[in-house]
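Subject: Model handover

Dear colleague,

Here is the model I said I would pass on. My notes on it follow below the structure.

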Amino acid sequence: MNMKTEAIPMITNGPVGLWATWKEDVNCVFDRDPAARNYFEILLTYPGVHAVLLYRLSHKLWKAKWFFTARMLAYLVRLLTNVDIHPGARIGARLFIDHGAGVVIGETAELGDDVTLYHGVTLGGTSWNKGKRHPTLGDRVLVGAGAKILGPITIGADARVGANSVVVANVPADGTVVGIPGRVVADQKLSAGVSGINLNHHMIPDPVGRAMACMLERIDKLEAQLEKQGALESGYQFKFYSQCEPSSDICDNECPDGKRYAHAHGE
């Protein structure tokens, strides 16, 4: 399925100086982590911040063609933080890597501004050929813990990727993708915080649960029709639903129409 994605503006430490970029990288933590209390704590105890700050330096070395030095610095940062960012990756302003553990960002990955990654995220390649082989993430994209985004695909601005999803196709702007393989299950803007970033990555639709609920409700309606036609014994649905406890999620939440019908027509 072809999905339209908007252009991704990329910022790669252009006219903005390294010191100013570092300040933005640290200040953004206060907007996206309520546990952050002061600069001292962030600078000493946040491995994701350490990884981003030192990536900025290794990226400058990479652009200056000091390739070995850049790779060596990235390797040392990986030992220190457990975050592996290739110095050739292009990353916009105010990237926040929460917790940091196990994050991998490949050489040709491109990230817009205000991207948020949780632990265990992989922005990986799917080819051994040189050239573009890693994903592009737009501004304000949020990627949940353990998600894998693979190949030269585009994740549109303000999109959300659910935890542990495996994404191998483009995601439109404002979309929400979940599952293995990832499927777009929402294409609407949700309320964002004061910084304009939507951190509600726990509010992810459940496409499997929704499909099951639709099937259960459909079965209820078909059984009701069969009762009316005499193909099922009278009170069949009532007998079934009378065995449900009041706290039953299936009876109360997933197929409420069928339960209401059965009790209304029971004897």
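In these notes, a residue counts as buried under 20% relative accessible area and as exposed over 50%, with partly exposed in between. Please keep in mind that this is a predicted model.

Overall content

The protein chain contains eight helices and 15 strands. Of its 267 residues, 43% are buried. Among the contacts in the chain with a separation of 6 or more, 41% are between residues 24 or more positions apart.

Helix H4

I started with H4, which covers residues 67–81. The helix has 15 residues and spans 21 Å from first to last C-alpha, close to the 21 Å expected at 1.5 Å a residue. Its buried residues are Ala70, Leu73, Ala74, Val77 and Thr81. These occupy an arc of only 100° around the axis, which puts them on the same side of H4. The face turned away from that buried side carries two exposed residues, Phe68 and Leu79. On the buried side, the packing partners are helix H3 (47–63) and strand E1 (83–85).

Thr69 also belongs to H4. With a relative accessible area of 34%, Thr69 is partly exposed, since the partly exposed class runs between the 20% and 50% limits. Its C-alpha atom is 10.0 Å from that of Pro87, which is 18 residues away along the chain.

The H3–H4 pair

The axes of H3 and H4 are 8 Å apart, and the packing angle is about 175°. Because angles over 145 degrees count as roughly antiparallel, H3 and H4 are roughly antiparallel to each other. On the H3 side the contact is made by Pro47, His50, Ala51, Leu54, Leu57, Ser58, Leu61 and Trp62. H4 contributes Phe67, Thr69, Ala70, Arg71, Leu73, Val77 and Thr81. Thr69 is thus listed in this contact while being partly exposed.

Helix H1 and its contact with H3

H1, residues 18–32, has 15 residues as well. From its first C-alpha to its last it reaches 22 Å, close to the 21 Å expected at 1.5 Å a residue. Thr21, Asp25, Val26, Cys28, Val29 and Arg32 are its buried residues. Seen down the axis, they fall within an arc of 155°, so they line one face of H1. They pack against helix H2 (39–45), H3, strand E3 (96–97) and strand E6 (116–117).

The axes of H1 and H3 come within 10 Å and cross at roughly 160°. This pair is therefore roughly antiparallel too. The crossing in which H1 passes H3 is right-handed. From H1 the contact involves Leu18, Thr21, Trp22, Asp25, Val26 and Val29. From H3 it involves Val49, Val52, Leu53, Arg56, Leu57 and Lys60. Leu57 of H3 is listed in the contact with H1 and also in the contact with H4.

Backbone points to check by eye

Most residues other than glycine have a negative phi, and most peptide bonds are trans. Three places in the model are worth a look on that account.

Asn82 comes just after H4, in the loop between H4 and E1. Although Asn82 is not a glycine, its phi is positive, about 65°. At 45% relative accessibility, Asn82 counts as partly exposed.

Arg94 sits in the loop between strand E2 (90–91) and E3. Arg94, also a residue other than glycine, has a positive phi near 60°. Its relative accessibility is 23%, so Arg94 counts as partly exposed.

Ile180 and Pro181 are joined by a cis peptide bond, with omega about -10°. Pro181 lies in the loop between strand E14 (175–178) and strand E15 (183–187).

One loop glycine

Gly235 is in the loop between helix H5 (207–229) and helix H6 (236–241). Is Gly235 buried or exposed? At 12% relative accessibility, Gly235 counts as buried. Gly235 and Ala224 are 11 residues apart in sequence, and their C-alpha atoms are 9.4 Å apart in space.

Regards

Terms used. Residues numbered from 1 in each chain as written. Predicted model: local features only at pLDDT ≥ 70, side-chain atom pairs only at ≥ 80, totals over all residues. Heavy atoms only, no water. Helix = DSSP H or I, 4+ residues; strand = E, 2+ residues; numbered from the N terminus. Expected span 1.5 Å × (residues − 1). Buried < 20%, exposed > 50% of the residue type's maximum accessible area, 1.4 Å probe, protein only. Arc of directions from axis to C-beta. Contact = heavy atoms within 4.5 Å. Axes fitted to C-alpha atoms, helices over the stretch in contact; angles between N-to-C directions. Parallel < 35°, antiparallel > 145°, perpendicular 65-115°, else oblique. Left-handed = near helix turned anticlockwise from the far one by under 90°.
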